Every structure is written in C-alpha cells, then in structure tokens.
Amino acid sequence: MATRDAYGEALLELGKKRKDIVVLDADLSGSTKTGKFAKAFPERFFNIGIAEQDMIGTAAGLALAGKLPFASTFAVFETGRAWEQVRQTICYSNLNVKLVATHGGISVGEDGASHQATEDIALMRVLPNMTVIVPSDGNETKQVINAISEYYGPVYVRLGREKVPMVMPDHYEFKIGKAYVFHIGKDVNIVATGIMVSKALEASKILNNEGIDVGVINMSTLKPLDTEILLKAAKASALIITAEEHSIIGGLGSAVTEFLSESHPISIHRMGLKDAFGCSGRPEELLKYYGLTPEDITKTIKIALKK
Amino acid sequence: MQHQIIRRERDVSFLEKQARLVRVEILKMLSLAGSGHTGGSLSAADIVTVLYFSKMRHRPHEPMWKERDRFILSKGHAAPLLYAVLAMTGYFDISVLKTLRKLGSPLQGHPCSRLLPGVEISTGSLGQGLSVSNGIALGLKLDNLSSRVYCLLGDGEIQEGQVWEAAMTAAHYRLDNLCAIIDLNGLQIDGPVSQVKAIEPVDSKWLAFGWHVIKIDGHNMAEILNSLDEVERVKEKPTVIIAHTIKGKGVSFFEGKVEYHGIAPTKEELMKALKELSEEGG
C-alpha cells in the first residue's frame with residue numbers, strides 16, 4: 001500500500017468522527033487521495049484549484065474559524081511554491097494546520113525532477129513551530145494522521161506515491177517525536193526515514209548474515225528529533241548511516257549530524273541525493289541510479305567500517 | 001488619555017473626530033518608535049475608524065468572541081493604524097502604543113497575532129490576507145454564523161499574484177460574507193503605482209473576477225458608511241470597495257508624498273502635524 005492511499009483512508013475515517021475537519025487540495029485530489037474525503041463530505045472539501053499559495057492561506061483562515069484543516073498537494077508545491085505562506089501565515093501565527101503532501105522524493109518516478117520533492121524536509125524543518133513527519137508504511141501513516149489530528153500546531157507530513165511494503169510491527173504505536181528501534185547494532189546503526197526504512201531493513205539482513213551487527217531505527221519524526229534514541233545508537237556503535245529519499249543537505253542526514261556533532265561526535269555517512277536533482281525513470285531504477293538500494297547501503301557500510 | 005468607547009455609531013462628525021484622534025495616535029507612536037509606515041497608515045485611517053467604531057460587531061474585552069466580525073489587515077505595514085483603533089476601542093491600554101517596535105512589545109513592526117489579542121492573523125508579507133479572509137469566511141458559513149470578514153489591501157499589494165488567486169476563490173465559493181477594501185492611495189515605496197507597475201483599470205479587473213465593485217472617496221465618512229451598508233445587501237458574490245485615498249491624509253506636508261511611505265515623523269514634524277490636526281478639529 002502506498003502511504004498516500006493510507007492517507008486517503010485515514011482522512012475519510014477521521015472525517016466521519018470529527019465534524020471540524022476540513023480538507024483542501026490544489027487540483028490533485030485524485031493523486032493525493034483527498035478525493036475520498038471530498039466524495040463523502042463535499043461540504044467540507046475545498047478545491048482551491050491550481051493555486052497552492054492561496055490554498056495555504058485559505059487553510060489558515062479555516063483554522064482561525066475553528067476548523068481543523070488538512071491541506072494537500074504534491075510535496076514540491078506544498079513546501080516550495082507556498083513556502084513563504086507556510087512561514088508567514090501558518091508557522092509565525094502557530095496555526096493548527098496540517099500540511100499533508102504526497103509525491104515526496106525521487107520514487108515519484110517518471111514525472112521527473114520538477115515533481116520530485118527532494119528539498120521539502122529541509123524547507124519545513126527550518127521553520128519554527130513546525131513538526132515534520134515522514135511515515136514509512138501505510139499502517140504508520142494512518143497512525144500519524146490520527147496522532148496529528150489530536151495535536152495542536154502546524155505539522156508537515158511527507159508521503160509517497162509508490163506502494164511500499166509494511167515494515168512496522170503490528171504492535172507498533174506511533175507517537176510524535178518517538179523513533180522506533182528495530183534493533184540497536186554494535187557495529188553500525190542505520191537511521192532511516194520513509195521508504196528507506198524498508199531498504200535499511202533489507203541491508204541489515206544481508207549484513208547480519210555476514211556477521212556485522214547492524215541496527216535500524218525508523219526516525220519517522222524528523223522534528224522534533226528523538227535525540228534520546230540517537231544518543232543510545234551513537235553510544236552503541238562508532239558509525240551511523242542516515243538514509244533518506246531527499247537531499248543530504250537539510251534533511252534527516254543534517255538533523256542527525258547537527259545533533260550528534262554537538263552531543264556525541266562519531267562517524268556519520270549520509271545517504272540521499274548528493275546535492276542533485278532527480279530525473280525521469282521508474283522508481284526502482286531511480287533508487288539504483290541515485291545509490292539508495294539495500295546493496296548501496298551495505299556497500300557504504302562495508303567501506304566505512306574498513307576506514 | 002483614555003478614549004471613550006462608543007461602537008456602531010453612525011454620526012459622521014463623531015466618526016470624523018475619532019479618525020482625527022486615530023491619526024494623532026498613529027503619528028505619536030510612529031514618532032516615538034522612530035521608524036514605521038506613516039503614509040499608508042494615514043490613508044486608510046478613515047475606513048478603519050468606521051469599521052471599528054461603527055460597522056463591525058466586536059467585543060474588545062472578549063477578542064475571541066465567536067460571532068465577531070473579522071478585520072484582516074493584509075497591508076500589514078499599516079500596523080500603527082490597527083494598533084490605534086484596537087487601543088482606542090479598548091482591546092488594550094492606550095499607553096501600550098508607546099512600545100511600538102520596541103524589544104518585548106506586543107506591538108511588532110508588523111502585526112503578530114500570537115502577541116496581541118485583537119490581531120486575527122500575523123501579516124506583513126503582502127498578498128496573503130485575502131486568502132486567509134476567504135478561509136475565515138468559508139468557516140463562518142460552515143458554522144452558519146452571520147459574521148462578516150473585512151480585508152484591507154494596499155493598491156501596490158494587488159501586484160501580488162496570490163491576491164488574484166484569492167479573488168478567484170472568493171468568487172467561486174460565492175463568499176458574500178467577505179468584503180475586500182483597497183486603499184487606493186496611488187503610491188508605493190518605489191514611486192507612483194502607475195509607474196512602478198500599473199494596476200489600472202482596478203475596477204474592471206475585480207468585476208471580471210466576479211466581484212461586486214463599489215468605488216468611493218475613502219475619506220468621506222458618509223460614503224464609507226453607505227458602501228459598507230451596500231456590502232450587506234449583496235448576495236452570492238464577494239464585494240470589493242475601491243477606496244480612493246490620499247497617502248499621508250490629514251497632515252498637509254505628508255499628503256501625496258511617496259517618501260513618507262516608510263518613514264516616521266521627526267519630533268518637529270510631529271508637533272507641526274498635531275497642530276494641524278487639532279486646528280482641523282476646531
């Protein structure tokens with residue numbers, strides 16, 4: 001299940017329970033899956049057309065009128081096109097607006113770089129009052145949507161276009177700001193987010209078979225960062241790998257590096273887009289092209305461990 | 001000095017007197033602050049006075065009253081004007097106006113809603129207030145509340161593309177509880193609007209976007225009152241009041257001067273201006 005599909009379902013369920021929820025979209029409700037909510041609750045759905053800046057402002061106004069707005073479009077437009085509206089109107093005023101964007105990262109595929117958000121986490125993470133979440137699978141996405149509806153304040157949630165495997169265990173309970181530890185490794189720990197969690201888990205299986213103790217942490221909340229878990233991981237192993245479908249500048253890699261360099265400096269390797277745009281191609285092809293496969297992770301770890 | 005609070009007053013001479021006092025407070029706070037936007041605060045002073053002292057239903061001692069009418073200052077640089085009417089209608093003590101732009105003050109250089117009750121939304125980055133106003137208007141309709149939303153824009157501000165996105169949204173959703181007011185003073189920081197980047201014909205632009213358009217003299221109290229009455233009779237579409245104004249209105253040596261867009265009066269200028277305003281008051 002793609003995380004965007006989980007969003008569509010979660011939003012529909014939430015809409016049944018809470019009458020204060022309103023949804024806005026900018027002519028992409030079929031792709032973002034807000035269309036499900038729109039069909040069930042047309043009076044609480046506002047298509048603002050191809051006008052993202054106006055959508056963010058309208059969402060702010062609905063929040064001021066006591067509603068709980070979810071505003072959705074592609075991540076590149078939600079965070080890039082409307083960044084200043086998010087800054088000035090939502091974050092500066094600390095409004096209860098939920099920005100849930102789909103089509104994050106290069107796994108968007110064929111549409112190419114114009115539609116692949118690879119800087120969105122950086123753009124949102126830098127804003128005061130903003131919370132940033134990147135769920136790893138459908139189950140976690142549903143929990144994230146419920147959790148943020150109970151939380152007051154601006155939140156950015158980045159979802160994907162492609163189907164992703166279920167990686168989180170059945171008993172998992174998402175809490176804002178809490179990372180999930182699959183395992184803490186003695187040799188290396190991979191801190192991953194979004195679709196890279198499943199890639200990290202695959203990489204850890206390969207290396208564990210070769211006798212390397214690899215830990216995996218799902219850092220689904222990038223802000224506020226779960227520094228407690230990070231410190232634990234950094235103290236357990238001398239090497240940390242960060243893995244994200246985003247630029248290595250400003251995203252998870254930066255967040256982890258910023259914290260650990262001040263608190264517990266160790267060797268960190270950031271995996272992600274190395275100051276580059278994406279391009280067209282099939283999602284799996286692109287992950288390979290940009291070095292974000294489980295094999296790339298194992299290779300990076302082996303090289304780093306030899307140093 | 002504590003001003004008397006009388007609201008929903010339609011007496012023109014009373015409103016003219018309040019507007020004069022509003023201008024006095026604007027000039028005093030700007031002069032003390034040593035910086036800020038004089039011209040655009042003065043040009044819209046009559047309109048905003050009528051809104052706060054006459055037209056809007058609001059409760060200064062209950063700023064979050066659910067059924068209040070909303071005022072959104074999209075041209076956030078006219079913050080001194082908003083602060084003056086908020087203080088004079090009783091939202092906070094008038095002595096706070098002295099703290100404008102000072103460290104720790106709730107009166108930020110541009111309005112900040114987190115710090116000052118009565119400010120509905122933080123503004124200052126131009127072009128964003130109309131979208132917010134639309135959202136509030138939509139929310140009020142969902143709750144079947146009859147409250148209205150008034151949004152004040154600058155004329156230079158409508159060069160921002162987002163204004164026109166919002167103009168389309170308001171017409172599409174038939175927001176007849178929304179009124180935009182354009183403070184058409186003809187000047188922006190870099191010079192006359194017509195020279196920087198022409199916006200005329202303003203009325204036919206809004207007409208073409210599906211709005212009801214009213215044109216008034218933005219310094220004529222009777223015209224302001226009548227236009228705001230007309231707004232309430234318009235159904236199924238939003239209304240824009242295009243208010244022809246004079247930048248720096250009320251102080252002869254500021255009027256129509258582009259250089260007073262973004263600077264505050266000196267002490268000498270303040271004394272001269274206050275003298276003019278008091279003579280005008282008779």
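## Exercises on a predicted two-chain model

**Exercise 1.** Which residues does Y83(B) touch, beyond those up to four places away in sequence?

*Solution.* Not counting residues up to four places away in sequence, Y83(B) touches M29(B), L97(B), L100(B) and L107(B). The model is a predicted one. Next, place Y83(B) in its core: the largest nonpolar core has 182 residues, and Y83(B) is listed among those with the most contacts inside it, together with A60(A), I190(A), A200(A), L81(B) and I181(B). Helix α4 (residues 79–88) of chain B provides the largest share of this core, nine residues. Domain 1 (3–158) and domain 2 (180–306) of chain A each contribute at least three residues to this core.

**Exercise 2.** Describe the contact between the chains from the side of chain A.

*Solution.* Begin with the counts: 23 residues of chain A and 22 residues of chain B take part. Then assign elements: α4 (52–64) and α6 (83–91) of chain A each supply at least two residues of the side that touches chain B. Of the elements on that side, α4(A) gives the most, with nine residues. Finally, sort by class: the residues of the side of chain A that touches chain B comprise nine nonpolar, 11 polar and three charged.

**Exercise 3.** Describe how the two domains of chain A meet.

*Solution.* The domain assignment of chain A gives domain 1 (3–158) and domain 2 (180–306). Their C-alpha centres lie 26 Å apart. The contact takes 23 residues from domain 1 of chain A and 29 residues from domain 2 of chain A. On the domain 1 side, the elements that give two or more residues are α7 (120–125) and β5 (131–133) of chain A. By class, that side has nine nonpolar, nine polar and five charged residues.

**Exercise 4.** Work out the surroundings of strand β4 (residues 98–101) of chain A.

*Solution.* Take the faces of the strand in turn. K98(A) and V100(A) are buried on one side, and L99(A) and A101(A) are buried on the other, which leaves both faces covered. Now the pairing. Strand β3 (residues 68–72) of chain A pairs with β4(A) in the parallel sense over two bridges, and A71(A) has L99(A) as its bridge partner. Strand β6 (residues 155–158) of chain A also runs parallel to β4(A), joined by four bridges; here L99(A) stands opposite Y156(A).

**Exercise 5.** Compare the span of helices α8 (residues 138–149) and α9 (residues 196–209) of chain A with expectation, and find what their buried residues pack against.

*Solution.* Start with α8(A): its 12 residues reach 17 Å from first C-alpha to last, close to the 16 Å expected. Its buried residues are G138(A), E140(A), T141(A), K142(A), V144(A), I145(A) and I148(A). They pack against α1 (3–17), β4, β5 and β6 of chain A.

Continue with α9(A): its 14 residues reach 20 Å, close to the 20 Å expected. Its buried residues include M196(A), V197(A), A200(A) and L207(A). The packing partners are β7 (180–183), β8 (188–192), β9 (214–218), β11 (239–247) and α13 (294–306) of chain A. After α9(A) comes G211(A), with a positive phi near 85°.

**Exercise 6.** N94(A) has a positive phi although it is not a glycine, as does H103(A). Is each buried or partly exposed?

*Solution.* N94(A) has a phi of about 50° and sits in the loop between α6 and β4 of chain A. With 16 other C-beta atoms within 10 Å, N94(A) is partly exposed. H103(A) has a phi of about 65° and lies in the loop between β4 and α7 of chain A. With 27 other C-beta atoms within 10 Å, H103(A) is buried. The cut-off that decides this step is 20 or more for a buried residue.

**Exercise 7.** Why does G76(B) count as buried, and where is G76(B) found?

*Solution.* G76(B) is found in the loop between β1 (70–73) and α4 of chain B. G76(B) counts as buried because it has 27 C-beta neighbours inside 10 Å. Leaving aside neighbours within four places in sequence, G76(B) is in contact with H110(B), P111(B), T123(B) and G124(B).

**Exercise 8.** Locate the prolines P224(A) and P201(B), and describe the peptide bond before each.

*Solution.* P224(A) lies in the loop between β10 (221–223) and α10 (227–236) of chain A. The bond from K223(A) to P224(A) is cis, with omega near 0°. P201(B) lies in the loop between α7 (193–197) and α8 (202–208) of chain B. A cis peptide bond joins E200(B) to P201(B), with omega about 0°.

Terms used: Residues numbered from 1 in each chain as written. Chains lettered and ligands numbered in written order. Predicted model: local features only at pLDDT ≥ 70, side-chain atom pairs only at ≥ 80, totals over all residues. Contact = placed C-beta atoms within 7 Å. Nonpolar A, V, L, I, M, F, W, Y, C, P; charged D, E, K, R; others polar. Expected span 1.5 Å × (residues − 1). Buried ≥ 20, exposed ≤ 12 C-beta atoms within 10 Å, placed from the backbone. Pairing = 2+ DSSP bridges. Domains from an automatic or database assignment. Core = buried A, V, L, I, M, F, W, Y, C linked by C-beta atoms within 7 Å.
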